[in-house]
Amino acid sequence: MLSINLKEKVAIVTGGANGIGRATSLQLAKTGASVIVSDINFEGAKKVIQEILEMGGTGRAIKTDVTNKNDVTYMVNQTFSEFGQIDILVNNAGISKAIRFMDVDLDQFNDFFDVNVKGVYLCCQAVLVHMIKQNGGKIVNISSVAGKEADEFFVVYTATKSAVLGLTQGLAKEMSRYNINVNAVCPGIIQTKLWENLLKQLKGSPEYQDLREEEIWDQFVETIPLKRPQEPEDIANMV
């Protein structure tokens, strides 16, 4: 198994209170990094930090709305002020909803792009100020398999995750001169709270109304070659 030592490194994980974000925060802490768990759900973020402290790690929770530039600036400034460096950024904060394209109103459209795309832009730009000065760093953007292959009910979500892939590819080239790596991970079907909500939303559609949520879930899992969903820890290990 690949052994990674991130001792004396400082990592920020957005959307770190639950699911992939929580698993990634814990995994980074296990490898020695000091972890800033950033989330609009501050109580959830503090619980993850408590888990990190109990395992002997270090870090802090910072309440952050990634769509708000002032929040993002505060998160980055507080991290740099307390730890003196920022080595890793994991852009995990995101939203999804199973909804027909013709039912997406403008406010929902803007919400999708604000969190999933503008949030990545704001966090990358704020962190890169420090990474460029220190001539090094790692950014991992959490996209989705939906960013590479579209499906019904997820048209706008797919558009945002495709945008994240484009941003990642361009930024990787632009930042290479500063010894900064920029990559994306594309999770698939994972049994998290987000997916639990998606199943409830799909259950409310005519296409799935005759199926139980468990049956809908099984249909998605059946599309996976190994016939098993991913776990948040799978994505954390990839990050």
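**Exercise 1. How many bridges join E1 to E4, and do they run parallel or antiparallel?**

Keep in mind as you work that this is a predicted model.

*Solution.*
- Step 1: Look at the two strands side by side. Three bridges join E1 to E4, and the two strands run parallel.
- Step 2: Pick out one pair as a landmark. Ala11 of E1 stands opposite Ile88 in E4.
- Step 3: Now turn to E2. Strand E1 (residues 10–14) is joined to E2 by five bridges, again in the parallel sense. Here Val13 has Val37 as its bridge partner, and Thr14 stands opposite Ser38.

**Exercise 2. Follow the chain from E1 through E2 to E3, and work out the handedness of each crossover.**

*Solution.*
- Step 1: Leave E1, go over helix H1 (residues 19–30) and arrive at E2. That makes a right-handed β-α-β unit.
- Step 2: Carry on from E2 over helix H2 (residues 42–54) to E3. This β-α-β unit is right-handed too.
- Step 3: Check how E2 and E3 sit together. Strand E3 (residues 59–63) pairs with E2 in the parallel sense over five bridges.
- Step 4: Go back to Val37, which you met as the partner of Val13. In E3, the bridge partner of Val37 is Ala61.

**Exercise 3. Decide which residues of E1 and E2 are buried, looking at both faces of each strand.**

*Solution.*
- Step 1: Start with E1. Val10, Ile12 and Thr14 point one way, Ala11 and Val13 point the other way, and all are buried. The tally is five of five residues buried.
- Step 2: Do the same for E2 (residues 34–39). On one side you find Ser34, Ile36 and Ser38, and on the other Val35, Val37 and Asp39, all of them buried. That's six of six residues.

**Exercise 4. Check the length of helix H3, then find which of its sides is covered.**

*Solution.*
- Step 1: H3 (residues 69–83) has 15 residues, so at 1.5 Å a residue it should span 21 Å. Its end C-alpha atoms are 21 Å apart, which agrees.
- Step 2: List the buried residues: Val72, Met75, Val76 and Thr79 are among those of H3. They cover an arc of only 85° around the axis, so they lie on the same side of H3.
- Step 3: Recall a bit of helix geometry. An α-helix has 3.6 residues a turn, so residues three or four places apart point the same way.
- Step 4: Look at the other side of H3, where Asn70 and Ser81 are exposed.
- Step 5: Ask what does the covering. E1, E2, E3 and helix H4 (106–134) are included in what covers the buried residues of H3.
- Step 6: Glance at the two ends. At the start, a side-chain oxygen of Asn68 comes to within 2.9 Å of the backbone nitrogen of Asn70. Just after H3, Gly84 takes a positive phi of about 80°.

**Exercise 5. Describe the surroundings of Gln85, and say whether Gln85 is buried, partly exposed or exposed.**

*Solution.*
- Step 1: Locate Gln85 in the loop between H3 and strand E4 (88–91).
- Step 2: Use the numbers. Buried needs under 20% relative accessible area and exposed needs over 50%. Gln85 has 24%, so Gln85 is partly exposed.
- Step 3: Find the contacts. Setting aside neighbours within four places in sequence, Gln85 is in contact with Glu8, Lys9, Val10, Thr79, Phe80 and Gln134. The side chain of Gln85 also makes a polar contact with the side chain of Asp87 (2.7 Å).
- Step 4: Compare sequence with space. Gln85 and Ala11 are 74 residues apart in sequence, and their C-alpha atoms are 9.1 Å apart.

Note on methods: Residues are numbered from 1 along each chain as its sequence is written. This is a predicted model: local features need pLDDT of at least 70, side-chain atom pairs count only at pLDDT 80 or more; totals for chains, interfaces and linings use all residues. Side-chain values use heavy atoms; hydrogens and water are left out. Buried means under 20% relative accessible area, exposed over 50%, partly exposed in between (1.4 Å probe, protein chains only). Helices (H or I, at least four residues) and strands (E, at least two) are DSSP runs, numbered from the N terminus. Two strands pair if DSSP finds at least two bridges between them. A crossover is right-handed if, with the strands pointing away from the viewer, the path from the first strand over the helix to the second runs clockwise. The expected span of a helix is 1.5 Å times one less than its number of residues. The arc is that of the directions from the helix axis to the C-beta atoms. Contact means heavy atoms within 4.5 Å. A polar contact is a pair of N or O atoms within 3.5 Å; within protein, one must be able to donate a hydrogen and the other to accept it, and residues adjacent in sequence count only if both atoms are side-chain atoms.
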